[in-house]
Amino acid sequence: SPDYRKGVSCPQCVGRHSEEQLRRFEERERQIELAKRRGHVHIGSDMNEIIQNNKKRKLIEKERQRQKG
């Protein structure tokens, strides 16, 4: 359908949201896609798990940098 925009609108909800809401939906979808590309989960994850995974990834990267230089 021409009214479908992933994460933003569908034929059933088109015209029900303000421009501000549509901008927020678009930004949320953009953030989800960026997180996917980085290998992160943007929505629905346990934040403690995300924080721990990020710390581990940073430590691994630091160690790689130390070994290079």
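In this predicted model, E63 is partly exposed, with a relative accessible area of 36%. The side chain of E63 is paired with R66 in a salt bridge, in which the closest N and O atoms are 3.5 Å apart. Both residues belong to helix 2, and because they are three residues apart, about one helical turn separates E63 from R66. The partner R66 has a relative accessibility of 57% and therefore counts as exposed, the threshold for that class being over 50%.

Helix 2 covers residues 47-68 and also holds R64 and E61, which are three residues apart, about one turn of the helix. A salt bridge joins R64 to E61, with 3.4 Å between the closest N and O atoms. R64 has a relative accessible area of 48% and is partly exposed. E61 is likewise assigned as partly exposed, at 35%.

A salt bridge with this sequence spacing is also found in helix 1, where E27 and R30 are three residues apart and so about one helical turn from each other. The closest N and O atoms of E27 and R30 lie 2.9 Å apart. E27 is partly exposed at 35% relative accessibility, and R30 is partly exposed at 44%. In total, the structure holds eight salt bridges.

Salt bridges also link K6, E29, E33 and K36 into a network. Within this network, E29 is located in helix 1, which comprises residues 19-38. The relative accessibility of E29 is 13%, so the residue counts as buried, given that the buried class lies under 20%. When residues up to four places away in sequence are set aside, E29 touches K6 and G7. K6 is thus both a contact of E29 and a member of the salt-bridge network.

Q31 is another residue of helix 1. At 25% relative accessibility, Q31 is classed as partly exposed. The C-alpha atoms of Q31 and R16 are 23 Å apart in space, with a separation of 15 residues in sequence.

The segment before helix 1 contains S9. S9 is buried, with a relative accessibility of 9%. A polar atom of the S9 side chain lies 2.8 Å from the backbone oxygen of D3. D3 is also among the residues that S9 touches once those up to four places away in sequence are excluded, and Y4 is the other.

The structure holds zero disulfides. C10 takes part in no disulfide, and the cysteine sulfur nearest to that of C10 belongs to C13, at 3.6 Å. C13 is likewise in no disulfide, and C10 provides its nearest cysteine sulfur, 3.6 Å away. The cut-off for a disulfide is a pair of cysteine sulfur atoms within 2.5 Å, so a pair at 3.6 Å is not assigned as one. The two cysteines fall into separate accessibility classes: C10 has a relative accessibility of 22% and counts as partly exposed, whereas C13, at 15%, counts as buried. The boundary that applies here is 20% relative accessible area.

At the level of the whole chain, the secondary structure consists of two helices and zero strands. The radius of gyration of the protein chain is 18 Å, whereas a compact globule of 69 residues would have one near 11 Å. The C-alpha trace spans about 55 × 25 × 20 Å along its principal axes. Of the 69 residues in the protein chain, 13% are buried; S9, C13 and E29 are among them. The accessible surface of the chain amounts to about 6000 Å², and carbon and sulfur atoms account for 51% of that area.

How values were computed:
Residues are numbered from 1 along each chain as its sequence is written. This is a predicted model: local features need pLDDT of at least 70, side-chain atom pairs count only at pLDDT 80 or more; totals for chains, interfaces and linings use all residues. Side-chain values use heavy atoms; hydrogens and water are left out. Helices (H or I, at least four residues) and strands (E, at least two) are DSSP runs, numbered from the N terminus. Buried means under 20% relative accessible area, exposed over 50%, partly exposed in between (1.4 Å probe, protein chains only). Contact means heavy atoms within 4.5 Å. A polar contact is a pair of N or O atoms within 3.5 Å; within protein, one must be able to donate a hydrogen and the other to accept it, and residues adjacent in sequence count only if both atoms are side-chain atoms. The radius of gyration is taken over C-alpha atoms; the globule rule is 2.2 Å times the number of residues to the power 0.38. Accessible areas come from the Shrake-Rupley method with a 1.4 Å probe; for residues, only the protein chains shown count as cover. A salt bridge is a side-chain nitrogen of Lys or Arg within 4 Å of a carboxyl oxygen of Asp or Glu.
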